Amino acid sequence: MFQIDLTSRKPIYEQVMNQFKQLIIKEVLGADEKIPSVRELAKQLTINPNTIQKAYRELERQGYVYSVKGRGNFVCGKIRKVDEEKLNKLKKQIQNSLSELIYLGIEKEELIELIETTYSTIKGGSKND
């Protein structure tokens, strides 16, 4: 389920976080679904439990998961908190990428198709639904 790249410059806890985010965004992990305990995942990945705990804390802070005392961690139905700073940073990245694509000659229709295809892939269905 998880791939940790020990040669990456990205910290392990961020790799764990990003993989959980992708599973949640792609709805592989559904709302209110229990995620592995800190100990289980640390054992499975053979990494320090503190690293997993740090990833879980950050996922909770960002609103992707919530914890229930004595029961574990669960996937949130909808992201409760919107991190405005992160949202603005991502929008800026998209604007920069779109600017570069336009400069390279991609047509408006191709950009729209790319966005629709990406949205459909993530959310399911097709643009004609």
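Accessible area here comes from the Shrake-Rupley method with a 1.4 Å probe. With that in hand, switch on the surface of this predicted model: the protein exposes about 9,700 Å² of accessible surface, and carbon and sulfur atoms own 52% of that.

Keep the whole chain selected for a moment. Of its 129 residues, 24% count as buried. Now turn off the surface and show C-alpha atoms alone. They fill a box of roughly 50 × 35 × 25 Å along the principal axes. The radius of gyration is 18 Å, where a compact globule of 129 residues would come in near 14 Å.

Next, go to cartoon view and color by secondary structure. You should find 5 helices and 2 strands. Walking from the N terminus, the order reads α-α-α-β-β-α-α. If you draw contacts with a separation of 6 or more, 39% of them join residues 24 or more positions apart.

Time for charges: select Lys and Arg as positive, Asp and Glu as negative. That gives 22 positive and 18 negative charges, and the mean positions of the two sets sit 10 Å apart.

Now zoom in on residues 84-103, which is helix 4. How far apart are its end C-alpha atoms? Put a distance label on them and you get 28 Å, which agrees with the expected span, because 20 residues at 1.5 Å a residue should also cover 28 Å.

Last stop: step just past the end of helix 4 and select glycine 105. Check the backbone torsions there, and you will see that glycine 105 takes a positive phi of about 100°.

How values were computed:
Residues numbered from 1 in each chain as written. Predicted model: local features only at pLDDT ≥ 70, side-chain atom pairs only at ≥ 80, totals over all residues. Heavy atoms only, no water. Helix = DSSP H or I, 4+ residues; strand = E, 2+ residues; numbered from the N terminus. Rg over C-alpha atoms; globule rule 2.2 N^0.38 Å. Buried < 20%, exposed > 50% of the residue type's maximum accessible area, 1.4 Å probe, protein only. Contact = heavy atoms within 4.5 Å. Charge placed at Lys NZ, Arg CZ, Asp CG, Glu CD. Expected span 1.5 Å × (residues − 1).
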